[in-house]
Amino acid sequence: LITQQSQEELNKVLKENRVLKEMNEEEKQKIVVVSISPQARASLAAKYKLTTPEAAKKLTGFFKSIGVHYVFDTTFSRNFSLIESQREFVRRYRAKDIQPGSIPLLTSACPGWICYAEKTHGDYILPYISTVKSPQQVMGSLVKYHLGPLLGKLSNQVYHVTIMPCYDKKLEASRQDFYNDLYSTRDVDCVITSIEVESMLEASGISLADIEPVELDTLLDDGNPTNHFGSGSGGYCEHVFTYAAAELFGEYSTDLTFKTLRNQDFKELTLEKDGAIVLKFAVANGFRNIQNLVQKIKRNKCSYHFVEIMACPSGCLNGGAQIRPEGEESLKDLVARVEKLYKSLKNSKPEENTKIHELYEEWLGGIDTEKTHKLLHTQYHAVEKMSNALNIKW
Ligand code: SF4
């Protein structure tokens, strides 16, 4: 897995492309696409003392200089993940009294958590996990099944690389659910972490700060990176809460002040209506908090309707393959700097993104279609029963 999904593999594909170019056979080249996660970009911005827009352009410049054809930002695909999570939550909330196992809805964007749930909690916990694909895997669908055809290429003629904050994203990309048997290709061919990008830069003897900036590509969006409000792991809790408050209770201006419970990594957010708590959401980061939550669900004692779960303490900004602190700087101070950079961009609301609405119509054939389910949702497998996939449609 590590050699399959590493900078060595990307370098091999780029070398093959160079050879084809020398032989005047450019049409046989694979189209190489790099999608950069905002958490990895913020980490690299902190390392090279760049602003977030500077880091976006310099990373684009670096990847283009080594032969990559297109560079995108996975914030764009996260719009789909957030919208689908909002809709899934509202459907499940409405069904909660008639369909056991509807609530709590647990997020699915962290492969560290998914791996733990599949291995440790078997069939029991999996029905509670959102079927929505993570931003990385939605980007995989967008690149292979929207961008590829747009460029006149089959999915196996496009080589898709993501830049991510942890090694677990390599495991996610290599799941059988994200493999296309027809074309023998994965939706995400290769995952490179923030620290692996740092070593690529070191190997080429150049600092990111010295690279000529190049604008991000605009084939999917307008190429101007924006952010989503909320936590550094994507803001699932805040976005789903705001949407559900409006959709279910007509509350358009909600208080998003979290109450910290046991520790900084376990917080809750509630909505009261007529003296009763009608929405109870939580963010649980780190395995200790996750284990406590899972035990509560197992004992039928969990009072939350929705929980954003991330395996790393402090979430993705502190991912296991983000840039490490140097010199006197503590990890805490570095993560605070990364968070500031991550949050420095203008916020956008996924529901208000016109390009996303166009893609729902033109690419997916509308909302809640079979194609939407196939390309934006996935399934989970209890490890001891891998052949018996839980394929629950919400
Ligand atoms: Fe990866 Fe950690 Fe984020 Fe989970 S929380 S996706 S393990 S960086």
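# Close-up views of a predicted model

**Figure 1. The side chains of Lys47 and Glu198 are joined by a polar contact of 3.1 Å.** The model shown in this and the following views is predicted. Lys47 belongs to helix H2, which covers residues 38–47. Neighbours within four places in sequence are set aside here; beyond them, Lys47 is in contact with Glu198, Ile323 and Glu326. Glu198 thus appears twice in this view: as a contact of Lys47 and as its partner in the polar contact. Helix H2 returns in Figure 6, where it supplies at least two residues of the lining of the largest cavity.

**Figure 2. An open sheet of five strands has the order S3-S11-S10-S9-S8.** Its pairing is mixed. Strands S3 (105–106) and S8 (259–260) stand at the edges. Each edge strand has a single partner strand, so one side of each lacks a neighbour in the sheet. At the S3 edge, S3 pairs with strand S11 (residues 306–310) in the parallel sense. Two bridges make up this pairing. Leu105 is placed opposite Phe306 of S11. In a regular strand, side chains alternate between the two faces of the sheet.

**Figure 3. Strand S10, residues 276–285, is mostly covered.** Eight of its ten residues are buried. S10 lies between S11 and S9 in the sheet order. Towards S11, the pairing is parallel and runs over five bridges. Ala284 has Ile309 of S11 as its bridge partner. Towards strand S9 (residues 266–273), the pairing is antiparallel, with eight bridges. Here Leu271 is matched with Leu279 of S10. S9 and S10 form a hairpin, and two residues separate the strands. Asp274 sits in the turn and has a positive phi of about 50°.

**Figure 4. Ile103 and Pro104 are joined by a cis peptide bond.** Omega is about 5°. Pro104 is in the loop between helix H4 (75–95) and S3. S3 itself is the edge strand seen in Figure 2. Most peptide bonds are trans, and most residues other than glycine have a negative phi.

**Figure 5. The largest pocket has a volume of about 580 Å³.** Its lining comprises 20 residues. Lys133, Asp177, Lys374, Leu375 and His377 lie nearest the centre of this pocket. Which elements give two or more residues to the lining? They are helix H7 (135–150), strand S5 (179–180) and helix H14 (370–376). H14 gives the most, with five residues.

**Figure 6. The largest cavity holds about 150 Å³ of space.** It is lined by 15 residues. Gln39, Pro135, Lys169, Ser233 and Cys316 are the closest to its centre. H2 and H7 each supply at least two residues of the lining. H7 therefore links two views, as it gives two or more residues to the lining of the largest pocket and at least two to that of the largest cavity. The structure holds three cavities of 30 Å³ or more. Rolling a probe the size of a water molecule over the atoms shows where empty space is left.

**Figure 7. Ser184 and Asp368 have positive phi values.** Neither residue is a glycine. For Ser184, phi is about 50°. Ser184 lies in the loop between S5 and strand S6 (185–186). Is Ser184 buried or exposed? It counts as exposed, at 51% relative accessibility. For Asp368, phi is near 60°. This residue is in the loop between helix H13 (354–362) and H14. Asp368 also counts as exposed, because its relative accessibility is 59%. Both loops border elements that line the largest pocket: S5 and H14.

**Figure 8. The structure holds zero disulfides.** A disulfide is a covalent bond between the sulfur atoms of two cysteines. Why does Cys190 form no such bond? The closest cysteine sulfur, in Cys166, is 14 Å from the sulfur of Cys190, too far for a bond. Cys190 is buried, with a relative accessible area of 0%. Cys302 has Cys237 as the holder of its closest cysteine sulfur. These two sulfurs are 13 Å apart, so they too are too far for a bond.

Notes. Residues numbered from 1 in each chain as written. Predicted model: local features only at pLDDT ≥ 70, side-chain atom pairs only at ≥ 80, totals over all residues. Heavy atoms only, no water. Pairing = 2+ DSSP bridges. Helix = DSSP H or I, 4+ residues; strand = E, 2+ residues; numbered from the N terminus. Polar contact = N/O pair within 3.5 Å; in protein donor to acceptor, adjacent residues only side chain to side chain. Contact = heavy atoms within 4.5 Å. Disulfide = S-S within 2.5 Å. Buried < 20%, exposed > 50% of the residue type's maximum accessible area, 1.4 Å probe, protein only. 1 Å grid on protein atoms, 1.4 Å probe; cavity = no way out; pocket = protein on both sides within 12 Å on 5 of 7 lines; lining within 4 Å. Points joined across faces, edges and corners; volume = space filled by probe spheres on them.
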